[in-house]
Amino acid sequence: MRKFADSLLNGGIFDGMPIELGYVLVVAFFAFVLLNFIMLVAGVTSWLERRVWGRIQSRIGPNRVGPQGTIQWLADGLKNIMKEDIIPEEADAPLFKIAPYLAMMGFFATFAVIPFGDGLVVADLDVGLLYITAVTALVVVGVLMAGWASNNKWALLGGIRSAAQIISYEIPAGLGVITVVLFTGSLSMQSIIRAQGWEPWNWFMFDNPFLFVAFFLFFVSALAEGNRTPFDLPEAESELVAGAFTEYSGLRNLLFFLVEWGNLYVIGALCATMFLGGWQIPPVTENPFLLGLLQFITFFAKSYFIVFVAMWIRGTLPRVRVDQLMTLCWKYLTPIAFVNLLGAMIWFIVFPHGFLPMRIAMVLIGGGIFLYFLSRVMFHLRRAKPEMHLSPLA
Amino acid sequence: MSTTSIEIGLERETPAGLETEEMTLNMGPQHPSTHGVLRFVVKADGEIMRRAIPDIGYLHRSIEKISEKVGYHGFMPYTDRVDYVSAMQCNQGWAIACESLAGIEVPRRGEYCRVIACEFGRIASHLISVGATAMDIGAFTPFTHALREREKINDILEELCGARLTFNYMRIGGCAWDIPPGFIKRATAFLDAFEPLIDEYNELISFNKIYTERMGNVAPVSAELAIAWNLVGPNLRGSGVKYDVRKDEPYSVYPEFDFDVPVGEGKMGEVGDCWDRYMVRMDEMKESCKILRQALGGLPEGPVVAKVARTFKPPVGEAYVRVEGSRGDMGWFVVSDGTAFPVRTHIRTGSYSAMAIVEVLSQGLMIADLIAVIASLDIVAPEVDR
């Protein structure tokens, strides 16, 4: 991407203007492309979530707007944009207005370092993972600000829950990330992917038992950080009405939802990058364009698999209570993460170049569990068939 | 607003110079999980409640007073609105009260039809209850699955009486309609499909670790407390008291059926916690299926309704009857002065006393627990106010 930017800069479009302005324009161009991409991702994720959720709940879900309801998200977005932007009289108006943009910034900035392909990354920062951990903290500032500025007790409770939750879960998530960094020696997203291969036994998830545990630690903590079920306490609709977002309407409310669904994709992308081999594909073609496309599709498929799992979890599990949430984090996840990190260090010293039999064994075990799970799902689907009067594609 | 002077010591140490104050939260009347129009004034210290004071009267429709104007027959549709989630038992309560005033004998087929309708109504009501409980805890899927089955029950009841929610099925002296042809076959087919589904719900949600953690050990009601606060029905049985009007003060043809009375056993914590109350409803659905199978199998021939004068004028007197509604012991009190209009009607409902105990139970719980408590007590707002 850097090369592309340089070629743009030197391509003659910006002749006769200061180089700084040229840089700003190029960056603005990238940001524009990325913003549109994110809107698309968040929108499609919202539609997909509602369809998947509907399927789990034996109902249909949105299927009217466009083929199979695929542009339902566009209709919802337009509706939200056209709605009145209500700011309560008693609210702290400036903070109230700014809060959704802060949350939006926090998640938008993460996309800058997400590698969609070998060269398909806006900025391959050397501190990529650290950067993501840092900027996602802006989301909690936004949510907390929204909760406080709304001047509503439910919103305040939601905002404080959110702050406590996200800050707590940063620790196991960070420790999970560190376990990966231990094996790559780099925080850069691209070098983490390059340290893996396209074969499942070259993925970090199956590299050794400790990374396997780290994957689950990271996934659970990321769910909590993204306010996803079973950790969706900040907006627990049956307890806090809509939590921190109770007073929001129209576009600002939409932005918070955008953050939620966009964050879901970020979780998937991070898991795919760190544990599932990212965009690595078998060497099938020399064509750089085709290669880039295949890498993009691979990465997208992997991250959407994680997104799908998160949707599945949302359709299955109830919500934990605040004290249980904290217990889980501080009494279980954090100690496990520390022990796991220690184990990973020892493993790294014993097998500095990896241990192939263990990898293959892990892949076999993991694949076995996956296949068993799949067969159970198929069994239940087949058994449920006479019960269903709805086609999944109705 | 009801105020009792219950204070508890929930003092927290605060650093010098920092002042804290109690937060007063209005939960309802518009709140997603207050199941209708309820209001709780929650005094909270952060996430911990000092107490939640129930405030009732938002759904008062003067149903008891209306009975004095519309007469005995005319009041039947209004009884549907007392507890609209399971209207059949309300129908039955009023019908039995009037019959015992006038000494009318109901034909056996009529009694069987009533039992079939009531037990289907009980399953439908418990499905709503367990589904809504799961939804309040944050799991949406069990709710839709429960509603899916409830729709089928509604279909069956619609076949029986033409209505899906407020049935107006029973009459003084029997039922309005006989069972339609093919009904028994379809009802049995539903039961065959539904009984394994109860186990599926248990797999899906009842024994889910998060769910049992949220429901178990939360707000346990001891048997003494339950009796002292006049809890009835599944809430009372959840506390381990084996009391069911159908068994202990039999009415209709219930003594002819073989069924158990499930009670809370404290499997996931103390006896009488939210999970016990929830599970009692799960088990009661199975028992209702048992009753239904026996009733559908042994349906006698004959008329469904006794001959009752169109202007029903019971002799002077009063009657108090009790039926086991979905929310427990439902008392129907009616006073007659010999005219076509009752002088006084009173309805004793389970949700009313369940609402009162929330204030005691809520002390020291978290706000999220209050939701679980309300849901597990299965409070239906119109039944509180009437």
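Let's start with confidence, since this is a predicted model. Among the elements of chain A, helix α1, residues 2-10, has the lowest mean pLDDT, at 65. Helix α12 of chain A, residues 322-350, has the highest, at 89. For chain A overall, the mean pLDDT is 83. Of its residues, 92% reach 70 or more.

Now the make-up of chain A. There are 13 helices and 0 strands. Read along the sequence, then, the pattern is α after α. How does the radius of gyration of chain A fit the globule rule? The rule gives 21 Å for 394 residues, and chain A comes out at 22 Å, so chain A is as compact as a globular protein of that length. Along the principal axes, its C-alpha trace spans about 70 × 65 × 45 Å. Buried residues account for 42% of the 394. Next, contacts in chain A between residues at least 6 apart in sequence. Of these, 78% join residues at least 24 apart.

One helix to look at on screen: α6 of chain A, residues 153-184. What end-to-end distance should 32 residues give? At 1.5 Å a residue, the expected span is 46 Å. The end C-alpha atoms are 46 Å apart, so the two values agree. There is a bend, though. Helix α6(A) turns by about 30 degrees at Glu170(A). A proline, Pro172(A), follows within four residues of that point. After the helix comes Gly185(A), with a positive phi near 75 degrees.

Stay in that region and step back to the loop ahead of α6. Asn151(A) sits there, between α5, residues 128-149, and α6 of chain A. Its phi is positive, about 60 degrees, and it is not a glycine. For background, most residues other than glycine have a negative phi. Is Asn151(A) buried or partly exposed? Partly exposed, because Asn151(A) has 16 C-beta neighbours inside 10 Å, and burial takes 20 or more.

Over to chain B. Here we have 14 helices and 8 strands. The chain has 386 residues, and a compact globule of that length would have a radius of gyration near 21 Å. Chain B has 22 Å, which agrees. Its C-alpha atoms fill a box of roughly 80 × 50 × 35 Å along the principal axes. Buried residues make up 51% of the 386. As for contacts with a separation of 6 or more, 72% are between residues 24 or more positions apart.

Chain B also has a residue with a positive phi that is not glycine. That is Asp378(B), with phi near 55 degrees. Asp378(B) lies in the loop between α13 and α14, residues 381-385, of chain B. What about its surroundings? Asp378(B) has 28 C-beta neighbours inside 10 Å, so it counts as buried.

Last topic: where the chains meet. How many residues does each chain bring to the contact? Chain B gives 26 and chain A gives 22. Which elements of chain B give two or more residues to the side touching chain A? They are β1 (23-27), α4 (108-137), α5 (141-161), α7 (209-215) and α13 (367-377). So what kinds of residues are on that side of chain B? The split is 14 nonpolar, 7 polar and 5 charged.

Methods:
Residues are numbered from 1 along each chain as its sequence is written. Chains are lettered from A and ligands numbered from 1 in the order in which they are written. This is a predicted model: local features need pLDDT of at least 70, side-chain atom pairs count only at pLDDT 80 or more; totals for chains, interfaces and linings use all residues. The expected span of a helix is 1.5 Å times one less than its number of residues. The bend at a residue is the angle between axes fitted to the seven residues ending there and the seven starting there. The radius of gyration is taken over C-alpha atoms; the globule rule is 2.2 Å times the number of residues to the power 0.38. A residue is buried if 20 or more other C-beta atoms lie within 10 Å of its own, exposed if 12 or fewer, and partly exposed in between; C-beta atoms are placed from the backbone. Two residues are in contact if their C-beta atoms, placed from the backbone, lie within 7 Å. pLDDT is the predictor's confidence in each residue, from 0 to 100. Ala, Val, Leu, Ile, Met, Phe, Trp, Tyr, Cys and Pro count as nonpolar, Asp, Glu, Lys and Arg as charged, and the others, Gly among them, as polar.
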